[in-house]
Amino acid sequence: MEGPESVGEMTETLRQGGYLADRGLATALFVALSLNRPILLEGEVGVGKTEVAKVMAAVFGRKLIRLQCYEGIDTNQALYEWDYARQMLHIRALSEHQVADSDAVDKLFGPRFLLERPLLEAVRTGDQAVLLIDEIDRADDEFEAFLLEVLSDFQISIPEIGTVKAASPPLVVLTSNRTRELHDALKRRCLYHWIDYPAAEREVEIVLVREPGISAALVRKVVAAVQRLRELDLAKPPGVAETIDWARTLDFLGESDLANAQDTLGAVVKDRDDLEVVLDNLQEITSGARGT
Ligand SMILES: Nc1ncnc2c1ncn2[C@@H]1O[C@H](COP(=O)(O)OP(=O)(O)OP(=O)(O)O)[C@@H](O)[C@H]1O
Ligand SMILES: [Mg+2]
């Protein structure tokens, strides 16, 4: 599908894909897509950072290529690896047939034995891909520096094969939960958008888009309670994902309000100490009075 021609069109297209973006996010995505700029999304846990990349791929008919970052991730896992097992088998087959010319050895480091990892795949797929670099804050400094290099020219050189370059770059979406500060150099290269918790009305809309079968009255009650939970000083405040889960759970159990909230708190509160705080304030959280 062609890219959108306005921020409004971007918002509408995302909505059709089941994602409700506010104007700021829709604008950032519109610019990122139109001007080929990577976009860095930061925000609390569960506010829809990863989801938006998935939906972008779906609505624009692009392939989603995901690079999940973690502590200790290295360039092999991100770019490409040689398929050692198959290389070994090939070598054995060669020696059985007594062939050991230099050509046969060269082939060992040819395309047949190359395992494509997300970054190489994204460079090859070019503008038919959305490259999601998820949770970049979990990777270490060196990996970030290496990423910066890839993002700056979308070119990867493989000594044994040559250079692979994207004709037009993929849309790159990076996400971070801010467990650490990212480097300025990386930030400078990207458009930036902070995704906040949605306002209550918007959150109700999001839950209903995701779970159209649930009664709006129940959803409003759940959202009101979740918003109050976020005002408490919890170690793990609930994200939108938890709101959806809680609504789904209550709906499944046939509840129409939060009278039995205590039994279903496991859908929203996922930390033992938090649970105590919440239980101490349950009345205010589920009643309508402001929690303290
Ligand atoms: N604006 C939105 N429109 C539609 N769905 C949303 C929106 N925001 C969040 N969601 C829902 O919330 C769920 C959680 O979102 P997602 O996994 O993208 O969060 P995240 O920000 O990546 O969280 P984490 O930091 O834990 O990775 C999604 O599966 C989606 O259903
Ligand atoms: Mg995520």
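Trp82 is a buried residue, with a relative accessible area of 11%, which falls under the 20% limit that defines burial here. The model in which this value was computed is a predicted one, and Trp82 offers a convenient point of entry into it. The residue belongs to strand β3, which spans residues 80-82. Leaving aside residues up to four places away in sequence, Trp82 touches Gln87, Leu108, Phe109, Gly110, Phe113, Leu114, Ile158, Glu160 and Ile161. One of these partners, Gly110, is 28 residues from Trp82 in sequence, while the C-alpha atoms of Trp82 and Gly110 are 9.2 Å apart in space.

From this residue we can turn to the chain as a whole. The chain holds 15 helices and nine strands, and its C-alpha atoms fill a box of roughly 80 × 45 × 35 Å when the box is taken along the principal axes. Of the 292 residues in the chain, 45% are buried. Among the contacts with a separation of 6 or more, 74% are accounted for by residues 24 or more positions apart.

Five of the strands form an open sheet in the order β2-β5-β8-β1-β9, and their pairing is parallel. Because β2 (63-68) and β9 (191-195) stand at the edges and have a single partner strand each, one side of each is left without a neighbour in the sheet. From one strand to the next, the twist averages 20 degrees. In general, the strands of a sheet pair through backbone hydrogen bonds, in either a parallel or an antiparallel manner.

At the β2 edge, six bridges join β2 to strand β5 (residues 129-134), the two running parallel, and within this pair Lys63 stands opposite Ala129 in β5. At the β9 edge, β1 and β9 also run parallel and are joined by five bridges, with Leu40 placed opposite Tyr192 in β9. The two faces of β9 can be told apart by their cover: Leu191, His193 and Ile195 make up the covered face, whereas Tyr192 and Trp194 make up the uncovered one.

Helix α2 (residues 23-35) lies across β1 (39-43), β8 (171-176) and β9, and runs at about 155 degrees to β9. Helix α2 also has a helical partner, since the axes of helix α1 (residues 7-16) and α2 come within 9 Å and cross at roughly 105 degrees, which means that α1 is roughly perpendicular to α2. In this contact, Val7, Met10, Thr11 and Leu14 in α1 meet Arg23, Ala26, Thr27, Leu29, Phe30 and Leu33 in α2. By class, the residues of the contact of α1 with α2 divide into seven nonpolar, two polar and one charged.

A further helix pair is found later in the chain. The axes of helix α10 (residues 200-210) and helix α12 (residues 240-252) come within 10 Å and cross at roughly 60 degrees, an angle that therefore makes α10 oblique to α12. The crossing of α10 and α12 is right-handed. Here Glu203, Ile206, Val207 and Arg210 in α10 meet Val240, Thr243, Ile244 and Ala247 in α12, so that, with Ala, Val and Ile counted as nonpolar and Glu and Arg as charged, the contact of α10 with α12 comprises five nonpolar, one polar and two charged residues.

Conventions. Residues numbered from 1 in each chain as written. Chains lettered and ligands numbered in written order. Predicted model: local features only at pLDDT ≥ 70, side-chain atom pairs only at ≥ 80, totals over all residues. Heavy atoms only, no water. Axes fitted to C-alpha atoms, helices over the stretch in contact; angles between N-to-C directions. Helix = DSSP H or I, 4+ residues; strand = E, 2+ residues; numbered from the N terminus. Parallel < 35°, antiparallel > 145°, perpendicular 65-115°, else oblique. Left-handed = near helix turned anticlockwise from the far one by under 90°. Contact = heavy atoms within 4.5 Å. Pairing = 2+ DSSP bridges. Buried < 20%, exposed > 50% of the residue type's maximum accessible area, 1.4 Å probe, protein only.
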